[in-house]
Number of protein chains: 2
Amino acid sequence: MRLSNLADYAVVMMCQAARHCGGGRISAGELAQETRLPVPTVQKLVSRLTGAGLLRSVRGAGGGLQLARPAAAITLVEIIEAVEGPIALTTCVEGGECPADAECRVRPHWPQVNQAVRGALAGISLAALAREKEIA
Amino acid sequence: MRLSNLADYAVVMMCQAARHCGGGRISAGELAQETRLPVPTVQKLVSRLTGAGLLRSVRGAGGGLQLARPAAAITLVEIIEAVEGPIALTTCVEGGECPADAECRVRPHWPQVNQAVRGALAGISLAALAREKEIA
DNA sequence: TCTAAATCAGACCAATACGTTCCGATTACG
DNA sequence: CGTAATCGGAACGTATTGGTCTGATTTAGA
């Protein structure tokens with residue numbers, strides 16, 4: 001039940017991008033510098049985030065990144081799933097196989113648990129994360 | 001955001017133990033046979049679950065395992081944390097270090113996210129998981 | 001039209017963590 | 001006192017992750 005480091009970094013990057021959203025585009029290099037993250041790592045994350053439709057990139061000289069949607073319309077679940085793939089607590093949720101096979105009496109309950117976790121993460125928007133020090 | 005296999009197995013084991021709870025104790029070997037899990041794996045899980053106070057074991061000849069508490073009083077969070085350790089989505093939640101260090105503006109929000117996930121898992125009891133095919 | 005700058009996409013390598021298995025120590029029943 | 005069964009820790013092999021690098025594509029500016 002731990003988030004991968006890349007997903008953690010992706011959230012930090014998106015928050016930083018949200019802060020620059022008013023100022024137009026921001027280059028990947030600047031983003032790396034401001035977040036203290038290695039440049040190649042930022043590039044890798046940008047690839048996945050743009051592929052998921054969360055980030056919009058303008059190529060060529062003078063290009064850069066910007067949010068594809070308003071920060072309030074981007075949720076934590078989307079960022080995490082863009083980096084880590086679909087959230088599936090157990091392998092059997094997505095067609096995997098259990099040793100217990102068909103006799104597993106717990107399997108019918110896993111989708112319910114899965115949705116509970118997804119719901120908790122879907123209730124948090126990027127705009128809320130970018131706000132400064134709101135503990136409540 | 002995936003659950004480790006051991007945690008998954010632990011849930012299956014606990015459900016099976018809950019079904020035998022009325023019949024008194026059950027040996028680790030029987031538990032392994034009924035869940036189709038390797039015996040050494042079951043032993044390792046039993047170690048952690050008893051250490052966490054979820055399972056009670058009687059040693060010696062004719063011994064076995066049984067739930068330390070009623071199934072309704074055991075939640076999914078307890079089982080997962082007994083196997084995987086405390087739930088911490090990010091390393092910084094538990095005193096770890098970020099590359100972004102003190103400048104990280106997202107860190108104040110992580111405990112809130114962490115609690116949301118924990119809450120989702122704490123709302124599901126072992127008794128609910130042991131019930132047969134309740135999709136709702 | 002040409003040069004230069006910056007991003008995108010893919011493959012590669014190292015490292016950490018996970019899963020599994022095995023063996024010795026302890027304890028209770030007969 | 002002997003037997004049986006569990007508990008605890010240690011070690012191995014595997015797999016996923018994290019991080020890096022190189023080549024290809026695209027655009028602005030001269």
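**Close-up views of the protein and DNA strands C and D**

Sugar or phosphate accounts for 76% of the atoms of DNA strand C within 4 Å of the protein, and bases account for the rest. The views below are taken from a predicted model.

**View 1. The protein surface near DNA strand C.** Around DNA strand C there are 21 residues, of which A:Ala28, A:Ser57, A:Arg59, B:Asn5 and B:Arg59 come nearest. By class, this surface comprises nine nonpolar, eight polar and four charged residues. Helix α3 of chain A, together with α1 (5-19) and α3 of chain B, each supply at least two residues of the surface.

**View 2. Polar contacts to the backbone of DNA strand C.** A polar backbone atom of B:Asn5 is placed 2.5 Å from a phosphate oxygen of DNA strand C. A phosphate oxygen of this strand also lies 2.9 Å from a backbone N or O atom of A:Ala28. The side chain of B:Arg59 has an N or O atom 3.2 Å from a sugar or linking oxygen of DNA strand C.

**View 3. The protein surface near DNA strand D.** DNA strand D is surrounded by 21 residues, and A:Ser4, A:Asn5, A:Arg59, B:Ser57 and B:Arg59 come nearest to the strand. Eight of the surface residues are nonpolar, nine are polar and four are charged. Within 4 Å of the protein, 79% of the atoms of DNA strand D belong to sugar or phosphate, with the rest belonging to bases.

**View 4. Polar contacts to DNA strand D.** The contact of B:Ala28 is made through its backbone, where an N or O atom lies 3.2 Å from a phosphate oxygen of DNA strand D. In chain A, an N or O atom in the side chain of A:Arg59 is 3.4 Å from a sugar or linking oxygen of the strand. A base nitrogen of DNA strand D lies 3.5 Å from a polar side-chain atom of B:Lys44. The elements giving two or more residues to the surface near this strand are α1 and α3 (39-51) of chain A and α3 (39-51) of chain B. Of these, α3(B) gives the most, with four residues.

**View 5. The hairpin of strands β1 and β2 in chain A.** Strand β1 (residues 55-58) runs antiparallel to strand β2 (residues 64-67), and four bridges join the two. Within this pairing, A:Arg56 has A:Gln66 of β2(A) as its bridge partner. Five residues separate the strands of the hairpin, and A:Gly60 in the turn has a positive phi of about 85°. Along the sequence, chain A follows the pattern α-α-α-β-β-α-α-α, with six helices and two strands.

**View 6. The largest nonpolar core.** This core holds 89 residues, among which A:Leu121, B:Leu49 and B:Leu121 touch the most other members. Helix α1 (residues 5-19) of chain A provides the largest share, 10 residues. Beyond its neighbours within four places in sequence, A:Leu121 contacts A:Leu76, A:Val77, A:Ile80 and A:Ile87 of chain A, as well as B:Met1, B:Val113 and B:Val117 of chain B. In soluble globular proteins, nonpolar side chains tend to be buried together. Chain A has 136 residues, of which 43% count as buried.

**View 7. B:His109 and its contact with chain A.** B:His109 sits in the loop between α4 (76-84) and α5 (110-122) of chain B. Because its relative accessibility is 1%, B:His109 counts as buried. A polar atom of its side chain lies 3.3 Å from the backbone oxygen of A:Leu129.

**View 8. The surroundings of A:Ser125.** A:Ser125 belongs to the loop between α5 (110-122) and α6 (126-130) of chain A. With a relative accessibility of 17%, below the 20% limit, A:Ser125 is therefore classed as buried. Residues up to four places away in sequence aside, A:Ser125 touches A:Ala71, A:Ala72, A:Ile74 and A:Thr75. In chain A as a whole, 64% of the contacts between residues at least 6 apart in sequence join residues at least 24 apart.

**View 9. A:Gly51 in helix α3 of chain A.** The relative accessible area of A:Gly51 is 69%, over the 50% limit, so this residue is exposed. Its C-alpha atom is 10.0 Å from that of A:Val83, and the two residues are 32 residues apart along the chain.

Notes:
Residues are numbered from 1 along each chain as its sequence is written. Chains are lettered from A and ligands numbered from 1 in the order in which they are written. This is a predicted model: local features need pLDDT of at least 70, side-chain atom pairs count only at pLDDT 80 or more; totals for chains, interfaces and linings use all residues. Side-chain values use heavy atoms; hydrogens and water are left out. Two strands pair if DSSP finds at least two bridges between them. A nonpolar core is a set of buried Ala, Val, Leu, Ile, Met, Phe, Trp, Tyr and Cys residues joined through side-chain atoms within 4.5 Å. Buried means under 20% relative accessible area, exposed over 50%, partly exposed in between (1.4 Å probe, protein chains only). Contact means heavy atoms within 4.5 Å. A residue is near a molecule or strand if one of its heavy atoms lies within 4 Å of it. A polar contact is a pair of N or O atoms within 3.5 Å; within protein, one must be able to donate a hydrogen and the other to accept it, and residues adjacent in sequence count only if both atoms are side-chain atoms. Ala, Val, Leu, Ile, Met, Phe, Trp, Tyr, Cys and Pro count as nonpolar, Asp, Glu, Lys and Arg as charged, and the others, Gly among them, as polar.
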